[in-house]
Amino acid sequence: MTSVISGGVRERINDALHQAVRALGVEEDIPDLELGRAKVPEHGDYASSAGLKLARVLRSRPDEIAARLAEKVVVPEGAATAEAEKGYVNFRLTDDWLRQLVTRIAPGYGGRDIGRGERLQVEFGSVNPTGPLHIGHGRGVTLGDSLCRLLEFTGHSVQREYYVNSDNTQTRRFGASVYARLHGNEPPEGGYTGDYVTELAEMARHDLPGIDKVPEEEAEPKLRMYAIEKMVERIRATVARLSVRYDEWYYENKLWEAGLPQTAIDRLRKSGHIKERDGALWFGEPNDEEEDRVVIRANGQPTYFASDLGYLLSRFEQRGFNRVIEVWASDHHGYVPRMKSAAAALGFDPQKLVIILHQMVNLKEGKMSKRAGRFVTLDELVDRVGSDAVRYFYLLRSPDTTIEFDLELAVTQGSENPVYYAQYAHARLSNVEVAAAERHPRLPERADASLLGHPWELDVARQLAFWPDVVEDATAVLEPHRIPYYVHDLATAVHRFYHAGNAQSEHRVVVDDPELTRARLELCRAARHTLKTALELMGVSAPERM
RNA sequence: GCCCCGCUAGCUCAGUGGAUAGAGCAUCUGUCUUCUAAACAGAGGGUCUGAGGUUCGAAUCCUCAGCGGGGCACCA
């Protein structure tokens, strides 16, 4: 994409509007002029309430200010015209500029160097490796992956990490459960009862000869690591089916081998954040016991929190990430303040630790319980619904909303599934390009976009103009769910455009006139590239045929 | 008791303090000898949970209340 519009037309208009405000003699800070998409067509494409915003500063009537601004504002390239109405300044993208835009769109359109190569880590999906992923985990995994895709698309240097717990209470119980099954016993209280635990025990009996002769104290850590390894393999396979990629599977025991938790504790002891009480070590603010949390238990065993202290060092210091984004399920929300204060106590900017919480996923049939071994696994979901639909389904919702997973609906393959709507638009565009090549073996190399003029053609171009705004906003607030909503809007414009040719053949893309065909083909290509890019950010495939 | 999230059309959900609140599904009515009908055009459907407040303006911000979900361990 050329630099001319890389920032998006909205930003261009906003800059122009600010210039106009300065020209009116406003010296001080200009308030946010609320430039956004207009909600009704009569108001154009973008609208600003600049007149209302500046009324106080300029001590003048909003409608007068808006009128003066509309007169003064000059949008570069003639991309938009301005019109005042009451206190608002409305902008309408010009047809000529929309036509130009179409010829400029190349693969990767909308991408932009917002991050300037910022080194950041996104840690997501880090479930205790004590069982297969279930439907709830699928949400964190797909959200995290799409977030990474988005951040990479906007110029960040992203490292994707899965933190593998291996030394905590849950994984020990897991090891003990495998040990119990190995000896034909029931798992201990609070252990894991799923059939897969028995299977793991049998596999261990085969892979670790003589393990059943070893006393528990010695056998459990071996069985635990063996079982964790098997579960991690399974988790890797599951997420791979969803096109979720990780750069690093970071094991908790690696922290201890590097002595990072101990280093962190020593440092915190010096600053008064680590205190000894009741035989245990606690973390908290100096001279305040209120929020204290145990780091090392009275029995000498560390809690997960000790590992997490070391994990902060590993990331902010040892590995030098500027920012760390964690994706957690909301049932961990109580842990957020503790992690933030730990980061601050260790000398890091807590703002650089960004924690994204997503709400839970419920099945309509009833609650899930991992330890009871009675759940619908993510694998089963992918088997039944398919990766594309699963990803689309998860990403469609804001992280703040609880998903009520209606399996019955998700399983039905048909037009009610929004993913097909978007993919079909892409397939149609791909197909029409093939048809054009057959009909016109030698089309003009360059498209004359001025031949585009029908409202449905310009509406496609208009949607394309909005794409950089969507990318920018989604990145700013770290909300990938804005993408599928955009995809839907673009697909709608594409289907309308295409359908015009079904209703009247002279409106088809492929017509007798090679010049006209070429121009419409250019629009198809621009839309196809953009659709494909957006779908890629979601991890959803863009088929060329359906 | 304290903390977090939600409450918007029949259902599932979008909606950066701006003008007349949107989409999908479902329901109903039309459109295929055609570059793919997995599509298009149209219709109906709303006290944005309630009450106060902030201001030129509130679904959006604040307070209180209600309902639903999730947390509040020497589990993670």
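This passage describes the fold of chain A and its surface near RNA strand B in a predicted model.

Chain A contains 19 helices and 14 strands. Its C-alpha atoms fill a box of roughly 85 × 60 × 40 Å along the principal axes. Of its 546 residues, 54% count as buried. Among contacts between residues at least 6 apart in sequence, 72% join residues that are at least 24 apart.

In soluble globular proteins, nonpolar side chains tend to be buried together. The largest nonpolar core of the model has 136 residues, and the members that touch the most others are Leu-69, Phe-91, Leu-93, Leu-464 and Trp-467. The element that gives the most to this core is helix 19, residues 514-538, with 11 residues. A second core, separate from this one, consists of 32 residues, among them Leu-260, Leu-313, Val-336 and Met-339. The surroundings of Phe-91 can be listed in detail. When neighbours within four places in sequence are left aside, Phe-91 is in contact with Ile-13, Leu-17 and Leu-35, with the run from His-43 through Gly-44 and Asp-45 to Tyr-46, and with Val-73, Val-75, Ala-80, Thr-81 and Ala-82.

Burial can also be followed along a single helix. Helix 14, residues 387-395, is mostly covered, with eight of its nine residues buried. The buried residues of helix 14 include the aromatic-named positions Tyr-392, Phe-393 and Tyr-394, and also Ser-387 and Arg-391.

Two groups of strands are described next. In the first, four strands form an open sheet in the order 1-2-4-3, with antiparallel pairing. Strand 1 and strand 3 (80-85) stand at the edges and have a single partner strand each, so one side of each is left without a neighbour in the sheet. Strand 1 is joined to strand 2, residues 46-48, by two bridges, and these strands run antiparallel. Within this pair, Gly-36 stands opposite Ala-47 in strand 2.

The second group is centred on strand 9. Strand 8, residues 274-277, and strand 9 run antiparallel and are joined by four bridges. Arg-277 has Ala-280 in strand 9 as its bridge partner. The two strands form a hairpin with two residues between them, and in the turn Asp-278 has a positive phi of about 55°. Strand 9 is also joined to strand 10 by three bridges, again in an antiparallel arrangement. Here Phe-283 stands opposite Arg-293 in strand 10. The side chains of strand 9, residues 280-283, point in two directions: Ala-280 and Trp-282 one way, Leu-281 and Phe-283 the other way, and all are buried.

Positive phi values also occur in loops. Asn-287 is located in the loop between strand 9 and strand 10. Its phi is near 60°, a positive value in a residue other than glycine. Asn-287 is exposed, with a relative accessible area of 83%. Arg-116 lies in the loop between helix 4 (95-104) and strand 5 (119-124). Although Arg-116 is not a glycine, it has a positive phi of about 50°. Arg-116 counts as exposed because its relative accessibility is 71%, above the 50% cut-off.

The remaining results concern RNA strand B. This strand is surrounded by 62 residues, and the closest are Arg-297, Tyr-304, Tyr-424, Asn-431 and Arg-496. By class, the residues of this surface divide into 18 nonpolar, 23 polar and 21 charged. Sugar or phosphate accounts for 66% of the atoms of RNA strand B within 4 Å of the protein, and bases for the rest.

Individual polar contacts reach both the sugar or linking oxygens and the bases. A polar side-chain atom of Asn-165 lies 3.3 Å from a sugar or linking oxygen of RNA strand B. An N or O atom in the side chain of Tyr-304 is 3.2 Å from a base nitrogen. For Val-509, a backbone N or O atom lies 3.1 Å from a base nitrogen. The elements that give two or more residues to the surface near the RNA are strand 1 (36-37), helix 2 (50-58), strand 4 (88-93), helix 6 (169-182), strand 10 (293-296), helix 16 (418-439) and helix 18 (482-503). Helix 18 gives the largest share, nine residues.

How values were computed
Residues are numbered from 1 along each chain as its sequence is written. Chains are lettered from A and ligands numbered from 1 in the order in which they are written. This is a predicted model: local features need pLDDT of at least 70, side-chain atom pairs count only at pLDDT 80 or more; totals for chains, interfaces and linings use all residues. Side-chain values use heavy atoms; hydrogens and water are left out. A nonpolar core is a set of buried Ala, Val, Leu, Ile, Met, Phe, Trp, Tyr and Cys residues joined through side-chain atoms within 4.5 Å. Buried means under 20% relative accessible area, exposed over 50%, partly exposed in between (1.4 Å probe, protein chains only). Contact means heavy atoms within 4.5 Å. A residue is near a molecule or strand if one of its heavy atoms lies within 4 Å of it. A polar contact is a pair of N or O atoms within 3.5 Å; within protein, one must be able to donate a hydrogen and the other to accept it, and residues adjacent in sequence count only if both atoms are side-chain atoms. Ala, Val, Leu, Ile, Met, Phe, Trp, Tyr, Cys and Pro count as nonpolar, Asp, Glu, Lys and Arg as charged, and the others, Gly among them, as polar. Two strands pair if DSSP finds at least two bridges between them.
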